[in-house]
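Me: I should like to learn how to read the sheets and the side-chain contacts of a protein model. Could you take me through them one feature at a time?

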Amino acid sequence: MHPDPLANWEQLVSAAPSPLQELDWELAQQHGLRIVVKRDDQLRLEAFPGDQAFGGNKWRKLKYNLLAAREQGYRQLLTFGGAYSNHLAATASAGYLFGLATHGIVRGEPNWPLNPTLAHCQRCGMTLEYWDRQRFRTKDQPKVVAGLKARFAEAYVLPEGGTNALALLGCAELAGELHQQGTIDYLILACGTGGTLAGLVAPTAGWAQLLGVAVLKGNFLQQAVTDLLAPDRYPHWQVLNSYHAGGYAKCPPAVAAALARAAALGLPLEPIYTAKTWLGLEDLVQKNFFRSGSTIALIHTGGLQGYRASLG
Ligand SMILES: *Cc1c(COP(=O)(O)O)cnc(C)c1O
């Protein structure tokens, strides 16, 4: 299968809004709540049959960056990530789909055979360069950035995790779609860097409360989102720090069980991001956090890439 970049660029700018799924969930009904799922995971383009990497919030975050790269004449993308990074996988898929060469700087030592995420990156044609943890931490220092710019002069540079101003712009579109799709009182979503949450803040002002579920440990997210918003004039968003279940890429039994309960309601999730969001949603419903009569939209940010791949 050969990619058709022209058709893919066209898709990128004209894709239909991702669908809303209505959940038939007894617990929510008992609390007088309606739960809908914004299926951003279904907003995707496949580099290969079954590929899930360029989809979900990674589509949202990459969209305007890809358009900017094209407009500015870049032929390549360069980015950074850990060996299980959905952002790295999405960038690799994007390169394949849109006809851009891709380079990935990977945190840590190489391991063979490559894990499914890195195998996917390689299959998409991404070159992989490994930086040990100490060196990786220097990647944003001006001297290191200048060195990379010289080595990869034709590359548009995306930060680790893909969060920048253009990423926020793409995520803002999600809020606009949702507003058109019905009355929503709360949005709940998974957060890594907080870029997706930050992008949703301005366009939901006045009509929804935002709840960001931190999947990483460390209580840094409140500050990270505040910095992204600078100045933060908004009272309608908050970060939930108690559902990370041990941290990134941890899947303890509680997360596996949440995943199974959601699957039983017809909702496919993955353990790293979206199952933790589900865990948070269940807990808040049980604690009567939400006003009775409200509609809550769970944002399915995608991520099935890593999960499906790890199942083989
Ligand atoms: C990358 C990712 C996130 C985190 O997005 P941020 O903008 O970094 O907060 C959430 N969910 C899924 C499925 C992801 O792949």
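**Rings, sheets and a buried lysine**

Reply: Let us begin with one side chain of this predicted model. Trp-112 has a relative accessible area of 66%, so this residue is exposed, since the class begins over 50%.

Me: Which residue forms an aromatic pair with Trp-112, and what is the geometry of the pair?

Reply: Ring pairs are read from the distance between centres and the angle between planes, and planes over 60 degrees apart count as edge-to-face. The structure holds 10 aromatic pairs. In one of them, the ring centres of Trp-112 and Tyr-130 lie 6.5 Å apart with planes at 65 degrees, so the pair is edge-to-face. Trp-112 belongs to the loop between strand 6 and helix 5 (116–123), whereas Tyr-130 is in strand 7; 18 residues separate the two. Tyr-130 is partly exposed, its relative accessible area being 21%.

Me: How far apart are the ring centres of Tyr-186 and Phe-290?

Reply: Their centres are 4.7 Å apart and their planes meet at 75 degrees, so this pair too is edge-to-face. It links distant parts of the chain, 104 residues apart: Tyr-186 lies in strand 9 (residues 186–191), and Phe-290 in the loop between helix 12 (274–286) and strand 12 (295–299).

Me: Are Tyr-186 and Phe-290 buried or exposed?

Reply: Residues under 20% relative accessible area count as buried. Tyr-186, at 4%, is therefore buried, and Phe-290, at 6%, is buried as well.

Me: Which residues form an aromatic cluster?

Reply: One aromatic cluster consists of Trp-9, Phe-54, Trp-59 and Phe-98. Rings may also lie beneath a charge: the charged end of Arg-123 sits over the ring of Phe-48, 3.8 Å from its centre. Similarly, Lys-58 lies over the face of Tyr-273, at 5.7 Å from the ring centre.

Me: What is the strand order in the sheet that has parallel pairing?

Reply: A sheet is read from its strand order, then its edges, then its twist. This open sheet of 4 strands has the order 7-6-5-8. Its edge strands, strand 7 (127–131) and strand 8 (155–157), each pair on one side only. From one strand to the next, the twist averages 25 degrees. Strand 6 (residues 101–107) runs parallel to strand 7 and is joined to that strand by 5 bridges; His-103 has Thr-127 as its bridge partner in strand 7. Helix 7 (residues 142–151) lies across strand 5 (76–81), strand 6 and strand 7, at about 155 degrees to strand 7.

Me: Which order do the strands take in the sheet with mixed pairing?

Reply: That open sheet of 6 strands has the order 1-2-12-9-10-11. Strand 1 (20–22) and strand 11 (237–240) are its edges, each pairing on one side only. Strand 9 and strand 10 (residues 209–214) run parallel, joined by 6 bridges, and Ala-190 stands opposite Val-213 in strand 10. Helix 9 (residues 195–204) packs on the sheet and touches strand 9, strand 10 and strand 11, its direction making about 160 degrees with that of strand 9.

Me: Why does Lys-63 count as buried, and which side chain makes a polar contact with Lys-63?

Reply: Lys-63, in helix 3 (residues 56–71), has 9% relative accessibility and therefore counts as buried. A polar contact of 2.9 Å joins its side chain to that of Glu-173. Leaving aside residues up to four places away in sequence, Lys-63 touches Leu-12, Val-13 and Glu-173.

Methods: Residues numbered from 1 in each chain as written. Predicted model: local features only at pLDDT ≥ 70, side-chain atom pairs only at ≥ 80, totals over all residues. Heavy atoms only, no water. Pairing = 2+ DSSP bridges. Axes fitted to C-alpha atoms, helices over the stretch in contact; angles between N-to-C directions. Contact = heavy atoms within 4.5 Å. Phe/Tyr/Trp six-rings, centres within 6.5 Å; stacked < 30°, edge-to-face > 60°. Buried < 20%, exposed > 50% of the residue type's maximum accessible area, 1.4 Å probe, protein only. Lys NZ or Arg CZ within 6 Å of the ring centre and 35° of its normal. Polar contact = N/O pair within 3.5 Å; in protein donor to acceptor, adjacent residues only side chain to side chain.
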